[in-house]
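Colleague: I'm new to reading protein models. Could you walk me through this one with a few questions?

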Amino acid sequence: MKIIALSDTHLTRGGIPPAFKHLLDDCDIIAHAGDFTTMECYQAFADTGKLKAVHGNSDDSELKELLPERLIFNADGVKIGLVHEGALSIMDTTALRYLALEMGVDVLIFGHIHRPLVETSDVILICPGSPTSPRMSDPSIVKINIDNGKVSAEIVEIEGHACGFIDFSRKLESTN
């Protein structure tokens, strides 16, 4: 089973950007950890028929009423949790691990940070970053493969604008 995890798209108009639409076409489930921003954007993802989603803090009130704050779903026998604000930092994932254990999930996908992370311990923590509005990173999503109950996850950088810090760092490196 192929899952694409993403979050923090922050799109004001509908339509899935071509930079990652092909990845969504080739998956079984799209797990969106919130911050579509508008109903029009949400609808573009929902129209795929593959969407599992929660609302984020920047979603409009209509989405906050429609979508849950937390979602648990099964994918090939693996229990996956989906939340938007799991923590305020990826530097210390202790609270995220406890949230995954509290929810009783094998994998916890979360957003809000706009920076990708895949961390494996007794649970797998995944922050897909943001494909359209990254922070301290390039635009990204996470590909998750589940094969006979085994989970693998890979951060995939996609085309788009990196955050200003990354652009600045690259310019500094090129001058040295």
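Colleague: Okay, which residue in β5 does Phe 73 stand opposite?

Modeller: Keep in mind that this is a predicted model. Strand β4 covers residues 70-75 and strand β5 covers residues 78-83, and the two pair in the antiparallel sense over 6 bridges. Look across from Phe 73 into β5, and the residue standing opposite is Ile 80.

Colleague: And which residue in the turn between β4 and β5 has a positive phi?

Modeller: These two strands form a hairpin, with 2 residues between them. The one in the turn with a positive phi, about 50 degrees, is Asp 76.

Colleague: Let's move to the other hairpin. Which residue takes a positive phi in the hairpin of β9 and β10?

Modeller: Strand β10 is residues 150-157, and β9 pairs with β10 in the antiparallel sense over 8 bridges. One of the matched pairs is Val 142 with its bridge partner Ile 155 in β10. There are 2 residues between the strands of this hairpin, and the residue with a positive phi near 50 degrees is Asn 148.

Colleague: What is the bridge partner of Ile 3 in β9?

Modeller: Strand β1 is residues 2-6 and strand β9 is residues 140-147. They run antiparallel and are joined by 4 bridges. Follow the pairing from Ile 3 into β9 and you land on Ile 144.

Colleague: So what order do the strands take in the open sheet, and which ones are the edge strands?

Modeller: This open sheet has 5 strands with mixed pairing, in the order β3-β2-β1-β9-β10. An edge strand here pairs on one side only, and that picks out β3 (51-53) and β10.

Colleague: How do β2 and β3 run, parallel or antiparallel?

Modeller: Start with a matched pair: Ala 31 stands opposite Lys 52 in β3. In all, 3 bridges join β2 to β3, and these strands run parallel.

Colleague: What about the helices? Which strands does α2 touch where it packs on the sheet?

Modeller: The direction of α2 makes about 135 degrees with that of β3. Packed on the sheet, α2 touches β1, β2 and β3.

Colleague: Now α1. Why do its buried residues end up on the same side?

Modeller: Helix α1 is residues 18-25, and its buried residues are Phe 20, Leu 23 and Leu 24. The face turned away from that buried side carries the exposed residues Pro 18 and Asp 25. The buried ones are covered by parts that include β1, β2 (29-32), α2 (39-46) and β9. They sit on the same side of α1 because they cover an arc of only 100 degrees around the axis.

Colleague: Let's talk rings. What kind of aromatic pair do Phe 36 and Tyr 42 form?

Modeller: A pair of aromatic rings is described by the distance of the centres and the angle of the planes. For Phe 36 and Tyr 42, that's 5.3 Å centre to centre and 90 degrees between the planes. An angle over 60 degrees counts as edge-to-face, so this pair is edge-to-face.

Colleague: Is Tyr 42 buried or exposed?

Modeller: Its ring partner Phe 36 is buried, with a relative accessible area of 0%. Tyr 42 has a relative accessible area of 13%. Buried means under 20%, so Tyr 42 is buried.

Colleague: Which residues do ring pairs link into a cluster?

Modeller: Searching the whole structure turns up 2 aromatic pairs. The cluster linked by ring pairs is made of Phe 36, Tyr 42 and Phe 45.

How values were computed: Residues numbered from 1 in each chain as written. Predicted model: local features only at pLDDT ≥ 70, side-chain atom pairs only at ≥ 80, totals over all residues. Heavy atoms only, no water. Pairing = 2+ DSSP bridges. Buried < 20%, exposed > 50% of the residue type's maximum accessible area, 1.4 Å probe, protein only. Arc of directions from axis to C-beta. Contact = heavy atoms within 4.5 Å. Axes fitted to C-alpha atoms, helices over the stretch in contact; angles between N-to-C directions. Phe/Tyr/Trp six-rings, centres within 6.5 Å; stacked < 30°, edge-to-face > 60°.
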